Amino acid sequence: MNCKEAKSLIQPYIEHRLPEGKLPQFLEHMETCKDCLDDLQVQYAICTAIDQLNRGEDFSDDYNTEVLQGLARERAHLLRHGRKLRFLRGVTLLLFLASGLAIGLTNTKNVFRTYLPPTQESSFSLDYYGIDRARDPVYRAIQEYNDEVIARLRELEAEQGTENAEK
């Protein structure tokens with residue numbers, strides 16, 4: 001922010017009408033520019049003295065200190081606000097990740113487990129991810145394969161049974 005823009009924002013700052021988006025830049029400029037800070041203190045003293053005169057109050061003892069305290073309050077407010085925003089963003093991110101994880105875990109169901117006959121040592125299991133079994137090509141392919149394997153095992157058992165009976 002340049003001095004011209006900062007000086008144009010002095011009156012809105014004094015009247016508490018400064019847009020929040022401009023406040024951080026305004027405060028930073030006032031910290032670094034002695035001329036603009038002096039202008040702020042002069043305009044604040046004039047505006048405050050006129051308001052006190054209109055209300056019939058006594059004049060302030062030190063307008064400059066009031067300005068510096070006001071700037072410090074605004075800086076502290078911005079810091080608190082920034083911390084709150086970072087905290088809320090972090091919490092939102094954690095909630096988003098936790099909800100995604102929860103949705104992922106609840107949609108994954110161990111729907112069926114297909115085993116080969118007890119004579120075989122291997123087994124097969126499939127996690128089901130919410131696809132209707134009638135339309136799930138993986139489920140149908142596995143079922144067809146298992147049916148073929150079981151049918152072939154029965155054929156082999158039958159052949160072995162006839163060979164044993166012949167001996």
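In which helix does Gln 52 lie? I would like to start with that residue, and I should say at once that what we are looking at is a predicted model. Gln 52 belongs to helix α4, which covers residues 34–55, and with a relative accessible area of 9% it is buried. If we leave aside the neighbours within four places in sequence, Gln 52 is in contact with Glu 57, Asp 58, Phe 59, Ser 60 and Tyr 63. I will come back to Tyr 63 later on.

Let me stay with α4 for a moment. The helix has 22 residues, which should span 32 Å at 1.5 Å a residue, and its end C-alpha atoms are 31 Å apart, so the two values agree. Gln 52 has company among the buried residues of this helix, where we also find Cys 36, Leu 37, Leu 40, Gln 41, Ala 45, Thr 48 and Ala 49. After α4 comes Gly 56, with a positive phi near 80°.

Now to the overall picture. The protein has 6 helices and 2 strands, and from the N terminus on the order of the elements is α-α-α-α-α-β-β-α. Of the 167 residues in the protein, 23% are buried. If we take the contacts between residues at least 6 apart in sequence, 45% of them join residues at least 24 apart. The exposed area is about 12,600 Å², of which carbon and sulfur atoms supply 56%.

Which residues have the most contacts inside the largest nonpolar core? That core has 16 residues, and the ones with the most contacts inside it are Tyr 13, Phe 26, Met 30, Leu 40 and Leu 71. At least two residues of the core come from each of α2 (10–14), α3 (23–32), α4 and α5 (63–107), and the largest share, 4 residues, is supplied by α3.

That makes α3 worth a look of its own. Its buried residues are Leu 23, Phe 26, Leu 27, His 29 and Met 30, and, seen down the helix axis, they fall within an arc of 160°, so they line one face of α3. Glu 28 and Thr 32, by contrast, are exposed on the other side of this helix.

Tyr 13, which I named as one of the core residues with the most contacts, touches Leu 18, Leu 23, Phe 26, Leu 40, Gly 70, Leu 71 and Glu 74, once residues up to four places away in sequence are not counted.

This brings me to the aromatic residues, because how many aromatic pairs does the structure hold, and how are their rings arranged? There are 2 such pairs. In one of them, the ring centres of Tyr 13 and Phe 26 are 5.0 Å apart and the planes stand at 35°, so the pair is tilted. Since Tyr 13 lies in helix α2 and Phe 26 in helix α3, the pair ties together parts that are 13 residues apart in sequence. Both Tyr 13 and Phe 26 are buried. Tyr 44 and Tyr 63 also form an aromatic pair, and this one is edge-to-face, with 6.3 Å from centre to centre and 70° between the planes. Here the link is between distant parts of the chain, as Tyr 44 is in helix α4 and Tyr 63 in helix α5, 19 residues apart. Tyr 63, the residue I promised to return to, is buried at a relative accessible area of 14%, and it is one of the contacts of Gln 52.

Let me turn next to the loop between α2 and α3, where both His 16 and Pro 19 are found. His 16 has a phi near 60°, a positive value in a residue other than glycine, and at 70% relative accessibility it counts as exposed. Pro 19, at 44% relative accessibility, counts as partly exposed. Between Pro 19 and Leu 9 there are 9.3 Å from C-alpha to C-alpha, while in sequence these two residues are 10 residues apart.

I will finish with helix α6, residues 137–166. Its 30 residues reach 43 Å from the first C-alpha to the last, close to the 44 Å expected at 1.5 Å a residue. The buried residues in α6 are Tyr 139, Ile 142, Asn 146, Val 149 and Leu 153.

Notes
Residues numbered from 1 in each chain as written. Predicted model: local features only at pLDDT ≥ 70, side-chain atom pairs only at ≥ 80, totals over all residues. Heavy atoms only, no water. Buried < 20%, exposed > 50% of the residue type's maximum accessible area, 1.4 Å probe, protein only. Contact = heavy atoms within 4.5 Å. Core = buried A, V, L, I, M, F, W, Y, C linked by side-chain atoms within 4.5 Å. Phe/Tyr/Trp six-rings, centres within 6.5 Å; stacked < 30°, edge-to-face > 60°. Arc of directions from axis to C-beta. Areas by Shrake-Rupley, 256 points an atom, 1.4 Å probe, with all protein chains shown as cover. Expected span 1.5 Å × (residues − 1).
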